[in-house]
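The following paragraphs lead through a protein structure, from its overall form to selected details of its helices, strands and charged pairs. Please keep the sequence and the model in view while reading.

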Amino acid sequence: MKIAYAGYDVFLTAFQMTLACKCQVMKLFTFPVDGLTETNEKMKAVCEKNNIPWTEERITLDDLQQLKDDGCELLIVSGYPHKIPVLPGLRAVNIHPSPLPIGAGPWPWPVSILKDLPYSGVTIHVLTEELDAGDILIQRAYRLTKDMTARDMEVTFDRLSAELLRQLLAAPDAFFEQAMPQLAGGGEYWPEPSEEEKIFSYTDSYDKIDRIVRAFYGYGCTMKLPLGQVKILCARAMTAPVAAKPGEWIDEHHIAIPGGMLEIELSGEGLI
């Protein structure tokens with residue numbers, strides 16, 4: 001089966017699954033990354049090893065038409081940040097990181113944690129002009145534990161998306177024929193969290209601090225301290241008796257908070 005793929009390293013397993021399923025990957029579409037919260041070097045390395053052309057330029061309608069003319073049968077999208085045009089006659093699917101129709105939007109992982117939801121999911125749906133609104137081909141839910149971070153959700157999503165994609169690639173015609181429309185009015189659109197939602201204070205409750213650092217683990221959040229604020233890339237809240245007062249540094253990697261402490265890794269910016 002001839003396919004094209006659009007995405008980046010967070011979804012490497014799903015990309016590799018296409019090769020394991022003996023698909024002919026005609027081209028990888030990725031995008032410029034910061035090398036910290038987003039990378040694409042692993043996907044590009046897979047392409048180099050397998051002689052697959054790749055580009056960081058945005059997908060255009062001309063690209064899709066060329067793929068179709070060259071016999072492409074399916075475009076698979078996962079974590080691609082740009083809107084992709086829809087070309088009649090070229091099947092395209094999106095692997096979305098929520099149990100649609102709940103959680104439509106660009107970044108459901110942190111929202112799921114901030115909302116303290118008990119579950120999340122993976123949905124492969126038909127790509128349409130309307131964001132995350134296409135007919136559902138296959139999906140699966142998974143439980144969210146109280147200690148899961150956004151990065152943990154990425155790992156789970158990558159594994160499950162590969163499993164679902166393998167099933168889809170084994171019988172694409174059957175899945176497209178049985179695709180189910182999303183329930184009208186039964187979903188929720190979640191916009192990307194604002195910068196304000198990534199900020200917390202040393203005086204906030206333990207539960208609030210815990211949710212924010214888990215929601216933006218690996219992506220960064222900001223903690224307000226008595227003498228300024230600190231940028232945090234990765235942190236975990238820990239319930240433990242501490243002698244220090246909330247907002248005080250216990251040592252180089254720990255700050256006291258109500259009910260415990262934060263074990264943190266600072267970004268390069270440090271205190272600001």
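The protein chain contains seven helices and 15 strands; helices (H or I, at least four residues) and strands (E, at least two) are DSSP runs, numbered from the N terminus. The model is a predicted one, in which local features need pLDDT of at least 70 and side-chain atom pairs count only at pLDDT 80 or more, whereas totals for chains, interfaces and linings use all residues. Residues are numbered from 1 along each chain as its sequence is written, and side-chain values use heavy atoms, with hydrogens and water left out.

The overall dimensions come first. Along its principal axes, the C-alpha trace of the protein chain spans about 65 × 40 × 30 Å. The radius of gyration of the protein chain is 21 Å, which agrees with the value near 19 Å for a compact globule of 272 residues; this radius is taken over C-alpha atoms, and the globule rule is 2.2 Å times the number of residues to the power 0.38. The accessible surface of the protein chain comes to about 13,200 Å², and 52% of it belongs to carbon and sulfur atoms. Accessible areas come from the Shrake-Rupley method with a 1.4 Å probe, and for residues only the protein chains shown count as cover. Of the 272 residues, 50% count as buried, where buried means under 20% relative accessible area, exposed over 50%, and partly exposed in between (1.4 Å probe, protein chains only). Among contacts between residues at least 6 apart in sequence, 63% join residues at least 24 apart, a contact meaning heavy atoms within 4.5 Å.

The strands may be considered next. Seven of them form an open sheet of mixed pairing, in the order β3-β2-β1-β4-β5-β7-β8; two strands pair if DSSP finds at least two bridges between them. β3 and β8 (136–143) stand at the edges with a single partner strand each, so one side of each is left without a neighbour in the sheet. Within this order, β4 (residues 74–78) and β5 (residues 91–96) run parallel and are joined by four bridges, with Leu74 standing opposite Arg91 in β5. A separate pairing to inspect is that of β11 (residues 221–225) with β12 (residues 228–238), which is antiparallel and extends over five bridges. β11 and β12 form a hairpin with two residues between them, and Cys221 stands opposite Ile232 in β12.

Helix α2 (residues 41–49) has both buried and exposed positions. Met43, Lys44, Val46 and Cys47 are buried in α2. Seen down the axis of α2, these buried residues fall within an arc of 155°, so they line one face of the helix; the arc is that of the directions from the helix axis to the C-beta atoms. The buried residues of α2 pack against β1 (2–7), α1 (12–20), β2 (24–29) and β3 (54–55). On the other side of α2, Glu41, Lys42, Glu48 and Lys49 are exposed. Just after α2, Asn51 takes a positive phi of about 55°.

Another buried position is found in helix α5 (residues 150–170), which includes Ser161. Ser161 has a relative accessible area of 0% and is buried. Leaving out residues up to four places away in sequence, Ser161 touches Ala14, Ile95 and Val122.

Charged pairs complete the account. Side chains of opposite charge can pair when their charged atoms come close. A search of the whole structure finds 11 salt bridges, a salt bridge being a side-chain nitrogen of Lys or Arg within 4 Å of a carboxyl oxygen of Asp or Glu. In α5, Arg159 forms a salt bridge with Glu163, the closest N and O atoms being 3.6 Å apart. Arg159 and Glu163 are four residues apart in the helix and are thus separated by about one helical turn. Arg159 is partly exposed at 46% relative accessible area, and Glu163 is partly exposed at 25%.

In α2, Glu41 forms a salt bridge with Lys44, with closest N and O atoms 3.2 Å apart. Glu41 is exposed, at 52% relative accessible area, whereas Lys44 is buried, at 11%. In helix α7 (residues 206–215), Arg214 and Asp210 lie four residues apart, about one turn of the helix. Arg214 forms a salt bridge with Asp210, the closest N and O atoms being 3.0 Å apart, and both Arg214 and Asp210 are buried. Elsewhere, salt bridges that share partners join Glu41, Lys44 and Glu56 into one network.
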